[in-house]
Amino acid sequence: MRPRQTLAFKLVATGASFLLVALASIALTLWVTWQLEGGAAAVNEAGRLRMMSYRLALRADSGTTQALATPVQQMDATLDLLRSGDPSRPLFIPWSEEAHAAYEDVRQAWSALRGRWLAGAQVPIPDVDDLVERVDHFVSTIEQRMSYWTALLRGVQMAMVVLAVTSAVLLLYASHLMVLDPLRRLGDGLAAIHAGDFGARVEIDAADEFRQLATGFNTMAERLATLYRDLEHKVEEKTARLEVEHARLRSLYEVSELVARADTLDELARDFAGHVRRVAGADAVAVRWSDESNRRYLLLAQQGLPPTLAAQGRCLPTGNCHCGQPAATAQTRVVMGQALADGAGHCSRAGFETLLTVPVRLHQRVLGEVDLFFRGAHVADADEHALIETLAGHLAGGIESLRVAAAERETAVAAERTLIAQELHDSIAQSLAFLKIQVGLLREALRRGDMAATQATLGEIDTGVRESYGDVRELLLHFRTRTNSEDIEPALRSTVQKFEHQTGLPVRLDIQGHGLPLPADQQVQVLHVLQEALSNVRKHAGASEVRLTVRQTPQWRFEVADDGRGFDPSAQPGESHVGLRIMQERAAGIGAEVSVKSSLGGGTVVTLCLPDRTEKEPHEHAHSLAGR
């Protein structure tokens, strides 16, 4: 395991290395330059020795010894300065063995001449020239040494150029290795991930922050790959779940459709048996109905059951076997293996190994049971149980709808029979009772031989027969009257025309205002009340004119008035009172009221008032919207 070196450390170390090399190069250059500057100053000082030598020679020839003291001292000081140097100027000799020898040679030659000049002796010019030559040799050695330093400076400068170029290249290469290449690898990895390749990995050998980034990237890629695999698995599961839910919704829709389409209980049970068998994948199915006391279960429909088992299960006493559960403990059950054989054993002998029983329940009342048979081991999950229970609930609703529809039809038939009975009672029955009395009187007159009474009785019988015939025709015409769902006016005009045709009496029909249309059931009852009122006019009023007034606003009001003989409302009840009672019963059925005003010789007015619908409609409309 290599020690971890941060990228910052690498960059600092690289930069510091290049900086040290650059500083060393600069220091070397400065040092060589310093040497050159000191050597140049030394050459200048050494060159002054020539001038000072000739000046001493001139002064020695023209003056005294005291005049030479100062130049001699200057000559000594210059030689001392050349030997020790002056760092502040700078001035120093780039010493070498040749330079030391040349300096000593100049020093010795000067010492010999100095003593002679100070002693006042004559110094020949050749001796001075010899000193100057020695000085020139000394300057030459210094210049040679400076030439060496100059060459060295140029070499250092060239080396610095090469070093700068090399450093730049090495710095770029180091940047590529330490930064650019790891960034490129990370970028390639990100591009691969973006393209959907979750198997992409980044390999970086350096032990720095980029390796940490690569490790984090690889961990992230592995996590994304795992999540993607899990997501694909979850999507597959969700898709499969949605397909199952779609199939179940389709099954519910199909059951709802067949429940709405079925006209009989046998048809409903047969279609339901085939559908639930297909949904559950069962080998056989039985749909059973239970009586209200839950004492037995009757087989309504079956599919796939052997004939023997179907014959045995046509009527099952409650609790006799696994099928036909008691209502108190009825629930969805799965019976398998030995538990199925421990019952009556019919299912096991027929080759079935699993039985699924689902009660058909409506409002806590058991209406029947659905039994599903499987020839192999079948373990249904909770969702399948819930689906079959829901389908059984739809079956229960369908059974109840058929029962309600049958009850409604029975109620309609009973109501129609009651209506016919009322009509017969109010018309033909009374006429027949009258004829029965007249027949008795006829027999008595014949027995007495009273021809006058016989003729009078026969006349009454003839009149009664004609009235009965008229009542029958009127009754048939009433039953053939049809209503209009939008407007009652055509039915009223038809009723008036029939009355005018039967009686020859003119009827004035007056319709006022525009109101909401009456429902069909109210129209029927209104027409029957008006027909009964017109029938009483025909039978009892002896009128010459009849008026039917209809007012539609603010509430429906029907008024039948005649100019006949009228009657005393306080008199003993008679046939007209029976008719009034029938009209009141019909009006009460639609929430209306019937009132009668009459007086002897003043005619009769029958008024039918319907409830005010302008107050009731908004409430009913809001209630219907809330129900939706």
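Modeller: Before we start, a definition: a nonpolar core is a set of buried Ala, Val, Leu, Ile, Met, Phe, Trp, Tyr and Cys residues joined through side-chain atoms within 4.5 Å. Keep in mind, too, that this is a predicted model.

Biologist: Thanks! So how many residues does the largest nonpolar core have, and which have the most contacts inside it?

Modeller: The largest nonpolar core has 37 residues, and those with the most contacts inside it are Leu82, Trp110, Trp117 and Phe138. Helix H1 (7-62), helix H2 (69-84), helix H3 (97-119) and helix H4 (125-194) are the elements that give two or more residues to this core.

Biologist: And which helix gives the most to this core?

Modeller: That's H1, with 11 residues.

Biologist: Let's zoom in on Phe138. What is Phe138 in contact with, leaving aside its neighbours within four places in sequence?

Modeller: With those neighbours set aside, Phe138 is in contact with Ala46, Leu82, Ile93, Ala99, Ala102, Tyr103 and Val106.

Biologist: Which residues does the second, separate core include?

Modeller: Among them are Leu492, Val507, Leu548 and Ile590; that second core has 33 residues and is separate. As a general point, nonpolar side chains in soluble globular proteins tend to be buried together.

Biologist: Switching to the sheet. In what order do the strands come?

Modeller: The order is E3-E2-E1-E6-E5-E4, with 6 strands forming an open sheet and antiparallel pairing. At the edges are strand E3 (315-317) and strand E4 (333-336), each pairing on one side only. On average, neighbouring strands of this sheet are turned by 25° against each other, direction ignored.

Biologist: Over how many bridges do E5 and E6 pair?

Modeller: Strand E5 (residues 354-362) and strand E6 (residues 365-374) pair over 9 bridges, in the antiparallel sense. If you want a spot to look at, Val360 stands opposite Gly368 in E6.

Biologist: Nice. Which helix lies across E1, E2 and E6?

Modeller: Helix H6 (residues 265-280) does: it lies across strand E1 (284-290), strand E2 (296-303) and E6, and runs at about 65° to E2.

Biologist: Now charges. How many salt bridges does a search of the whole structure find?

Modeller: The search finds 24 salt bridges. Let me show you a few. In helix H4, Arg134 and Asp130 lie 4 residues apart, about one turn of the helix, and their side chains meet in a salt bridge at 2.9 Å, N to O.

Biologist: And what about Asp80 and Arg83, how far apart are they in helix H2?

Modeller: They are 3 residues apart in helix H2, so about one helical turn separates Asp80 and Arg83. Their side chains meet in a salt bridge, 3.4 Å from N to O.

Biologist: Is Asp80 buried or partly exposed?

Modeller: Asp80 is partly exposed, because its relative accessible area of 28% falls between the 20% and 50% cut-offs. Arg83 is partly exposed as well, with 45%.

Biologist: Which salt bridge links distant parts of the chain?

Modeller: One that does is the pair of Glu254 and Arg278, with the closest N and O atoms 3.3 Å apart. Glu254 is in helix H5 (residues 209-261) and Arg278 in helix H6, 24 residues apart. Glu254 is partly exposed at 28% relative accessible area, whereas Arg278 counts as exposed at 55%.

Biologist: Last one: which residues do salt bridges that share partners join into one network?

Modeller: Those are Asp181, Arg184, Arg185 and Asp188.

Key. Residues numbered from 1 in each chain as written. Predicted model: local features only at pLDDT ≥ 70, side-chain atom pairs only at ≥ 80, totals over all residues. Heavy atoms only, no water. Pairing = 2+ DSSP bridges. Axes fitted to C-alpha atoms, helices over the stretch in contact; angles between N-to-C directions. Contact = heavy atoms within 4.5 Å. Buried < 20%, exposed > 50% of the residue type's maximum accessible area, 1.4 Å probe, protein only. Salt bridge = Lys/Arg side-chain N within 4 Å of Asp/Glu carboxyl O.
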